[in-house]
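Got your viewer open? Here is a walk through one model, stop by stop, with something to select at each.

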Amino acid sequence: MNVGDRVRLMSGREEGIITRILDNNIVEVAIDNDFTIPVARREVVVIAAEEEKYLKKEEEDFKPISKREPLAPVLATQGIYLALVHQSEELLAVTVINNSDYDLLFTSGEVRENKYRGLQNDKLAPKATRVITHYHLKDFEKWPSLLVQFMQHRNGSPTLFEPVTKRVQFRANSFYKSKKTAPVINKEAYLFHLDQKPVAVNPDKIKEQLAEATEQHPNFKLTAPEHEVDLHIEKLTDDHSGLSNSAILKLQLEKFQDALDRALATNMHEIVFIHGAGNGILRKEIQKLLSRIPGIKYFEDAKKEKFGYGATLVRLK
(Lines give C-alpha, C1' and ligand atoms only; values in the text may rest on other atoms or scores of the structure.)
Protein backbone atom coordinates (compact mmCIF):
# COMPACT_ATOMS: atom_id res chain seq x y z
CA MET A 1 0.00 0.00 0.00
CA ASN A 2 1.10 3.52 -0.77
CA VAL A 3 0.00 7.02 0.16
CA GLY A 4 -2.69 8.06 -2.35
CA ASP A 5 -4.14 4.57 -2.87
CA ARG A 6 -7.93 4.39 -2.77
CA VAL A 7 -9.07 1.68 -0.35
CA ARG A 8 -12.25 0.11 0.96
CA LEU A 9 -12.83 -0.89 4.57
CA MET A 10 -13.39 -4.64 4.94
CA SER A 11 -15.96 -4.07 7.70
CA GLY A 12 -18.28 -1.96 5.51
CA ARG A 13 -18.68 -0.11 2.20
CA GLU A 14 -16.80 3.04 3.24
CA GLU A 15 -14.03 4.12 0.93
CA GLY A 16 -11.17 6.53 1.39
CA ILE A 17 -7.64 7.59 0.46
CA ILE A 18 -4.51 6.56 2.35
CA THR A 19 -2.99 9.82 3.61
CA ARG A 20 -0.19 8.44 5.83
CA ILE A 21 1.59 5.20 6.72
CA LEU A 22 1.68 5.28 10.53
CA ASP A 23 3.68 2.06 10.99
CA ASN A 24 3.96 -1.37 9.46
CA ASN A 25 0.48 -2.37 10.63
CA ILE A 26 -1.49 0.92 10.71
CA VAL A 27 -2.44 3.38 7.96
CA GLU A 28 -4.37 6.64 8.12
CA VAL A 29 -7.37 6.80 5.81
CA ALA A 30 -9.34 9.91 4.84
CA ILE A 31 -12.98 8.89 4.50
CA ASP A 32 -14.76 10.90 1.78
CA ASN A 33 -11.89 13.41 2.00
CA ASP A 34 -13.47 14.68 5.19
CA PHE A 35 -12.17 13.00 8.33
CA THR A 36 -9.27 10.62 8.89
CA ILE A 37 -9.14 7.45 10.93
CA PRO A 38 -6.35 5.01 11.73
CA VAL A 39 -7.03 1.55 10.36
CA ALA A 40 -5.15 -1.73 10.55
CA ARG A 41 -3.74 -2.71 7.18
CA ARG A 42 -5.53 -6.04 7.35
CA GLU A 43 -8.86 -4.15 7.57
CA VAL A 44 -8.55 -2.36 4.21
CA VAL A 45 -8.13 -3.45 0.60
CA VAL A 46 -6.85 -1.38 -2.32
CA ILE A 47 -9.48 -0.70 -5.01
CA ALA A 48 -8.30 -1.23 -8.59
CA ALA A 49 -9.43 1.29 -11.20
CA GLU A 50 -11.55 -1.35 -12.96
CA GLU A 51 -13.20 -2.35 -9.69
CA GLU A 52 -13.95 1.28 -8.87
CA LYS A 53 -15.76 1.70 -12.18
CA TYR A 54 -17.70 -1.52 -11.60
CA LEU A 55 -18.70 -0.54 -8.08
CA LYS A 56 -19.88 2.87 -9.19
CA LYS A 57 -21.96 1.28 -11.93
CA GLU A 58 -23.36 -1.27 -9.50
CA GLU A 59 -24.21 1.49 -7.05
CA GLU A 60 -25.92 3.50 -9.80
CA ASP A 61 -27.90 0.43 -10.94
CA PHE A 62 -29.33 -0.06 -7.43
CA LYS A 63 -30.34 3.57 -6.96
CA PRO A 64 -34.04 4.34 -7.20
CA ILE A 65 -34.78 5.62 -10.71
CA SER A 66 -35.84 8.98 -9.31
CA LYS A 67 -32.38 9.50 -7.75
CA ARG A 68 -30.26 8.38 -10.69
CA GLU A 69 -28.29 10.87 -12.72
CA PRO A 70 -30.06 11.54 -16.05
CA LEU A 71 -28.24 9.97 -18.99
CA ALA A 72 -27.13 12.32 -21.75
CA PRO A 73 -28.84 11.36 -25.02
CA VAL A 74 -26.63 9.84 -27.69
CA LEU A 75 -27.34 11.84 -30.85
CA ALA A 76 -26.71 10.50 -34.34
CA THR A 77 -24.85 13.07 -36.43
CA GLN A 78 -24.58 11.06 -39.65
CA GLY A 79 -27.36 10.09 -41.99
CA ILE A 80 -27.80 12.69 -44.76
CA TYR A 81 -28.96 11.09 -48.00
CA LEU A 82 -30.08 11.86 -51.53
CA ALA A 83 -32.72 9.34 -52.63
CA LEU A 84 -34.33 8.93 -56.05
CA VAL A 85 -37.69 7.30 -55.41
CA HIS A 86 -39.94 5.81 -58.08
CA GLN A 87 -43.23 7.70 -58.48
CA SER A 88 -43.96 5.57 -61.53
CA GLU A 89 -41.90 3.16 -63.63
CA GLU A 90 -40.15 6.09 -65.32
CA LEU A 91 -40.54 9.10 -62.99
CA LEU A 92 -38.21 9.52 -59.99
CA ALA A 93 -38.60 12.00 -57.13
CA VAL A 94 -35.21 13.35 -56.02
CA THR A 95 -35.41 13.61 -52.24
CA VAL A 96 -33.11 14.95 -49.52
CA ILE A 97 -33.36 12.82 -46.35
CA ASN A 98 -32.24 13.93 -42.88
CA ASN A 99 -31.83 10.72 -40.89
CA SER A 100 -29.71 12.39 -38.21
CA ASP A 101 -30.80 13.83 -34.83
CA TYR A 102 -29.82 17.36 -35.87
CA ASP A 103 -31.58 20.04 -37.88
CA LEU A 104 -30.34 20.23 -41.47
CA LEU A 105 -29.95 23.52 -43.34
CA PHE A 106 -29.48 22.81 -47.05
CA THR A 107 -29.47 24.23 -50.55
CA SER A 108 -29.59 22.21 -53.76
CA GLY A 109 -29.04 22.84 -57.44
CA GLU A 110 -28.22 21.34 -60.83
CA VAL A 111 -24.98 21.66 -62.78
CA ARG A 112 -25.26 21.41 -66.57
CA GLU A 113 -22.25 22.21 -68.75
CA ASN A 114 -20.69 23.94 -65.73
CA LYS A 115 -23.69 26.24 -65.31
CA TYR A 116 -25.43 26.15 -61.93
CA ARG A 117 -29.18 26.45 -61.40
CA GLY A 118 -30.64 26.55 -57.90
CA LEU A 119 -33.48 24.14 -57.08
CA GLN A 120 -34.62 24.13 -53.46
CA ASN A 121 -33.47 25.17 -49.99
CA ASP A 122 -34.99 24.33 -46.65
CA LYS A 123 -34.48 23.54 -42.98
CA LEU A 124 -35.21 19.88 -42.32
CA ALA A 125 -36.04 18.68 -38.83
CA PRO A 126 -34.55 15.34 -37.69
CA LYS A 127 -36.07 12.39 -39.58
CA ALA A 128 -37.61 14.71 -42.22
CA THR A 129 -37.45 14.76 -46.03
CA ARG A 130 -37.86 17.21 -48.92
CA VAL A 131 -38.42 16.52 -52.63
CA ILE A 132 -36.22 18.90 -54.65
CA THR A 133 -36.94 17.86 -58.27
CA HIS A 134 -38.06 14.99 -60.54
CA TYR A 135 -36.21 13.12 -63.31
CA HIS A 136 -37.25 10.64 -66.01
CA LEU A 137 -35.22 7.47 -66.43
CA LYS A 138 -35.53 7.69 -70.22
CA ASP A 139 -33.45 10.89 -70.05
CA PHE A 140 -30.73 9.35 -67.87
CA GLU A 141 -27.87 10.28 -70.20
CA LYS A 142 -28.99 13.92 -70.08
CA TRP A 143 -29.30 14.18 -66.29
CA PRO A 144 -27.25 16.99 -64.73
CA SER A 145 -25.02 16.65 -61.70
CA LEU A 146 -26.73 17.54 -58.44
CA LEU A 147 -25.01 19.85 -55.97
CA VAL A 148 -26.14 19.76 -52.33
CA GLN A 149 -24.70 22.09 -49.68
CA PHE A 150 -25.67 21.48 -46.08
CA MET A 151 -24.87 22.21 -42.46
CA GLN A 152 -26.19 20.53 -39.32
CA HIS A 153 -27.31 22.39 -36.21
CA ARG A 154 -28.99 21.77 -32.86
CA ASN A 155 -29.91 24.36 -30.26
CA GLY A 156 -27.76 23.91 -27.15
CA SER A 157 -25.37 21.51 -28.87
CA PRO A 158 -21.67 21.95 -27.99
CA THR A 159 -20.70 20.68 -31.46
CA LEU A 160 -20.03 23.05 -34.35
CA PHE A 161 -20.40 21.40 -37.77
CA GLU A 162 -18.51 22.54 -40.84
CA PRO A 163 -20.58 23.23 -43.98
CA VAL A 164 -20.43 20.38 -46.52
CA THR A 165 -20.70 20.57 -50.32
CA LYS A 166 -21.46 17.31 -52.12
CA ARG A 167 -21.71 16.85 -55.87
CA VAL A 168 -23.50 13.73 -57.12
CA GLN A 169 -22.72 12.75 -60.70
CA PHE A 170 -24.86 9.90 -62.00
CA ARG A 171 -23.10 7.10 -63.86
CA ALA A 172 -24.89 3.99 -65.10
CA ASN A 173 -22.20 1.61 -63.84
CA SER A 174 -22.89 2.65 -60.24
CA PHE A 175 -26.39 4.17 -60.31
CA TYR A 176 -28.41 0.97 -60.69
CA LYS A 177 -26.26 -0.75 -58.07
CA SER A 178 -27.28 1.88 -55.49
CA LYS A 179 -30.85 0.63 -55.06
CA LYS A 180 -31.62 0.15 -51.35
CA THR A 181 -34.37 0.81 -48.82
CA ALA A 182 -34.15 4.50 -47.99
CA PRO A 183 -34.32 5.49 -44.30
CA VAL A 184 -37.19 7.61 -42.94
CA ILE A 185 -39.39 7.06 -46.02
CA ASN A 186 -38.83 3.26 -45.87
CA LYS A 187 -39.15 2.85 -49.64
CA GLU A 188 -36.86 1.34 -52.23
CA ALA A 189 -34.75 4.07 -53.84
CA TYR A 190 -31.46 4.80 -55.56
CA LEU A 191 -29.62 5.95 -52.45
CA PHE A 192 -26.55 8.19 -52.10
CA HIS A 193 -24.97 8.88 -48.70
CA LEU A 194 -23.96 12.55 -48.65
CA ASP A 195 -22.12 12.77 -45.32
CA GLN A 196 -20.02 9.67 -45.85
CA LYS A 197 -16.44 9.73 -47.09
CA PRO A 198 -16.12 8.57 -50.68
CA VAL A 199 -15.23 4.92 -51.21
CA ALA A 200 -12.74 3.95 -53.90
CA VAL A 201 -14.29 2.46 -57.03
CA ASN A 202 -13.79 -1.28 -57.36
CA PRO A 203 -13.08 -1.76 -61.07
CA ASP A 204 -13.54 -5.52 -60.78
CA LYS A 205 -17.28 -4.93 -60.34
CA ILE A 206 -17.77 -2.39 -63.11
CA LYS A 207 -18.63 -5.00 -65.75
CA GLU A 208 -21.08 -6.69 -63.39
CA GLN A 209 -22.73 -3.35 -62.59
CA LEU A 210 -22.91 -2.43 -66.26
CA ALA A 211 -24.50 -5.78 -67.10
CA GLU A 212 -27.15 -5.23 -64.43
CA ALA A 213 -27.85 -1.72 -65.72
CA THR A 214 -28.20 -2.99 -69.29
CA GLU A 215 -30.47 -5.80 -68.18
CA GLN A 216 -32.79 -3.39 -66.37
CA HIS A 217 -32.64 -0.77 -69.13
CA PRO A 218 -31.81 -2.52 -72.42
CA ASN A 219 -31.95 0.74 -74.41
CA PHE A 220 -29.12 2.25 -72.39
CA LYS A 221 -25.72 2.40 -74.10
CA LEU A 222 -22.50 3.39 -72.38
CA THR A 223 -20.08 5.11 -74.75
CA ALA A 224 -16.33 4.70 -74.52
CA PRO A 225 -14.28 7.88 -73.98
CA GLU A 226 -11.85 9.25 -76.52
CA HIS A 227 -8.45 7.57 -76.55
CA GLU A 228 -6.90 10.92 -75.60
CA VAL A 229 -8.77 12.91 -72.93
CA ASP A 230 -7.72 16.56 -72.72
CA LEU A 231 -8.13 17.87 -69.16
CA HIS A 232 -7.11 21.47 -69.84
CA ILE A 233 -9.83 23.61 -68.32
CA GLU A 234 -10.51 25.49 -71.55
CA LYS A 235 -11.46 22.12 -73.11
CA LEU A 236 -13.95 21.39 -70.33
CA THR A 237 -15.81 24.69 -70.09
CA ASP A 238 -16.20 27.81 -72.19
CA ASP A 239 -16.22 30.17 -69.22
CA HIS A 240 -13.74 29.43 -66.44
CA SER A 241 -12.65 32.97 -65.59
CA GLY A 242 -14.61 32.98 -62.31
CA LEU A 243 -13.44 29.56 -61.10
CA SER A 244 -10.95 29.21 -58.26
CA ASN A 245 -7.93 26.91 -58.61
CA SER A 246 -9.58 24.32 -56.36
CA ALA A 247 -12.82 24.45 -58.40
CA ILE A 248 -10.83 23.98 -61.63
CA LEU A 249 -8.95 21.01 -60.15
CA LYS A 250 -12.21 19.45 -58.94
CA LEU A 251 -13.74 19.78 -62.41
CA GLN A 252 -10.67 18.24 -64.04
CA LEU A 253 -10.63 15.29 -61.64
CA GLU A 254 -14.33 14.66 -62.20
CA LYS A 255 -13.73 14.52 -65.96
CA PHE A 256 -10.76 12.19 -65.38
CA GLN A 257 -12.80 9.84 -63.14
CA ASP A 258 -15.73 9.72 -65.56
CA ALA A 259 -13.46 8.90 -68.52
CA LEU A 260 -11.57 6.26 -66.54
CA ASP A 261 -14.80 4.57 -65.37
CA ARG A 262 -16.10 4.39 -68.94
CA ALA A 263 -12.77 3.13 -70.24
CA LEU A 264 -12.80 0.28 -67.71
CA ALA A 265 -16.46 -0.52 -68.35
CA THR A 266 -16.01 -0.69 -72.14
CA ASN A 267 -12.85 -2.84 -72.06
CA MET A 268 -10.44 -0.27 -73.44
CA HIS A 269 -6.81 -1.37 -73.35
CA GLU A 270 -5.33 2.06 -72.78
CA ILE A 271 -6.21 5.71 -72.40
CA VAL A 272 -4.15 8.93 -72.35
CA PHE A 273 -4.92 11.82 -70.02
CA ILE A 274 -3.52 15.17 -71.17
CA HIS A 275 -2.98 17.29 -68.07
CA GLY A 276 -0.18 19.63 -69.15
CA ALA A 277 3.10 20.24 -67.36
CA GLY A 278 2.30 23.40 -65.38
CA ASN A 279 2.95 23.13 -61.64
CA GLY A 280 2.37 19.35 -61.65
CA ILE A 281 -0.57 19.36 -59.20
CA LEU A 282 -3.09 17.77 -61.59
CA ARG A 283 -0.54 15.18 -62.73
CA LYS A 284 0.25 14.26 -59.12
CA GLU A 285 -3.45 13.93 -58.16
CA ILE A 286 -4.22 11.77 -61.20
CA GLN A 287 -1.29 9.44 -60.59
CA LYS A 288 -2.14 9.20 -56.89
CA LEU A 289 -5.66 8.04 -57.79
CA LEU A 290 -4.34 5.60 -60.40
CA SER A 291 -2.01 4.01 -57.87
CA ARG A 292 -5.00 3.00 -55.72
CA ILE A 293 -7.04 1.26 -58.41
CA PRO A 294 -6.34 -2.47 -58.90
CA GLY A 295 -7.84 -2.42 -62.43
CA ILE A 296 -4.81 -0.49 -63.69
CA LYS A 297 -1.99 -2.56 -65.20
CA TYR A 298 0.44 0.36 -65.06
CA PHE A 299 0.74 4.03 -65.97
CA GLU A 300 3.61 6.13 -67.26
CA ASP A 301 4.42 9.42 -68.97
CA ALA A 302 2.98 9.38 -72.49
CA LYS A 303 5.17 9.91 -75.56
CA LYS A 304 7.38 12.87 -74.74
CA GLU A 305 7.89 13.74 -78.41
CA LYS A 306 4.12 14.29 -78.71
CA PHE A 307 3.06 15.52 -75.26
CA GLY A 308 6.31 16.54 -73.57
CA TYR A 309 5.79 15.84 -69.87
CA GLY A 310 2.15 16.87 -70.06
CA ALA A 311 0.31 13.55 -70.39
CA THR A 312 -0.08 10.19 -68.63
CA LEU A 313 -0.64 6.90 -70.47
CA VAL A 314 -2.76 4.36 -68.55
CA ARG A 315 -2.72 0.66 -69.47
CA LEU A 316 -5.85 -1.17 -68.32
CA LYS A 317 -6.14 -4.83 -67.34
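The tour starts with the whole chain and then goes from one selection to the next.

**Stop 1: the whole chain, coloured by confidence**

Keep in mind that this is a predicted model. Colour it by pLDDT: the average for the protein is 80, and 81% of the residues score at least 70. Helix H1 (residues 49-61) has the lowest mean pLDDT among the elements, at 50, while S6 has the highest, at 95. Switch to cartoon and you can look for 7 helices and 18 strands. Of the 317 residues, 37% are buried. If you draw the contacts with a separation of 6 or more, 58% of them come from residues 24 or more positions apart.

**Stop 2: S6 and its partners**

Select strand S6 (80-86) and strand S7 (91-98). These two form a hairpin, with 4 residues between them. They run antiparallel and 7 bridges join them. For a landmark, pick Ile80, which stands opposite Asn98 in S7.

Now add strand S10 (128-136). S7 and S10 also run antiparallel, joined by 8 bridges. Click on Leu92 and look across to S10, where its bridge partner is Tyr135. How many of the 8 residues of S7 are buried? The count is 7, so S7 is largely enclosed by the rest of the structure.

**Stop 3: the largest nonpolar core**

Show side chains for Leu82, Leu84, Trp143, Phe170, Phe175 and Phe192: they have the most contacts inside the largest nonpolar core, a set of 26 residues. The elements giving two or more residues to this core include S6, S7 and S10, along with strand S8 (103-112), strand S11 (145-153), helix H2 (172-175) and strand S14 (187-193).

Centre on Trp143. Beyond its neighbours up to four places away in sequence, Trp143 touches Leu84, Leu92, Arg112, Tyr135, His136, Leu137, Phe170 and Phe175. Leu92 and Tyr135, the bridge partners from the previous stop, are both among the residues that Trp143 touches.

**Stop 4: Gln152 on S11**

Next, select Gln152 in strand S11. Is it buried or exposed? Gln152 is buried, with a relative accessible area of 10%. Its side chain has a polar contact of 3.2 Å with the side chain of Ser100. Leaving aside neighbours within four places in sequence, the other residues in contact with Gln152 are Thr77, Ile80, Tyr102, Asp103, Leu104 and Phe161. Ile80 brings you back to the hairpin: the C-alpha atoms of Gln152 and Ile80 are separated by 9.7 Å, with the two positions 72 residues apart along the chain.

**Stop 5: the second core and helix H6**

There is also a second, separate core of 18 residues, which includes Leu264, Ile293, Ile296 and Val314. While you are in this part of the sequence, select helix H6 (281-290). Its buried residues are Leu282, Ile286, Gln287 and Leu290. Look down the helix axis: these four cover an arc of only 125°, which puts them on the same side of H6. What covers them includes helix H5 (245-265), strand S17 (296-301) and strand S18 (311-316).

**Stop 6: two polar side chains at Thr312**

Stay on H6 and pick Gln287. Gln287 is buried at 16% relative accessible area. Leaving aside neighbours within four places, Gln287 is in contact with Phe299, Asp301 and Thr312. Where does its side chain make a polar contact? With the side chain of Thr312, at 3.1 Å.

Now approach Thr312 from His275, in the loop between strand S16 (270-274) and H6. His275 is buried too, with a relative accessible area of 7%. Its side chain makes a polar contact of 2.8 Å with the side chain of Thr312. His275 also touches residues including His232, Leu282, Arg283, Ile286 and Tyr309.

**Stop 7: two loop residues with positive phi**

Finish with the backbone. Val184 lies in the loop between strand S13 (179-182) and S14. Its phi is near 70°, a positive value in a residue other than glycine. Val184 counts as partly exposed, at 30% relative accessibility.

Then jump to Asn267, in the loop between H5 and S16. Here phi is near 60°, again positive in a residue other than glycine. Asn267 is partly exposed as well, at 47% relative accessibility.

Note on methods:
Residues are numbered from 1 along each chain as its sequence is written. Side-chain values use heavy atoms; hydrogens and water are left out. A nonpolar core is a set of buried Ala, Val, Leu, Ile, Met, Phe, Trp, Tyr and Cys residues joined through side-chain atoms within 4.5 Å. Buried means under 20% relative accessible area, exposed over 50%, partly exposed in between (1.4 Å probe, protein chains only). Contact means heavy atoms within 4.5 Å. A polar contact is a pair of N or O atoms within 3.5 Å; within protein, one must be able to donate a hydrogen and the other to accept it, and residues adjacent in sequence count only if both atoms are side-chain atoms. The arc is that of the directions from the helix axis to the C-beta atoms. pLDDT is the predictor's confidence in each residue, from 0 to 100. Two strands pair if DSSP finds at least two bridges between them.
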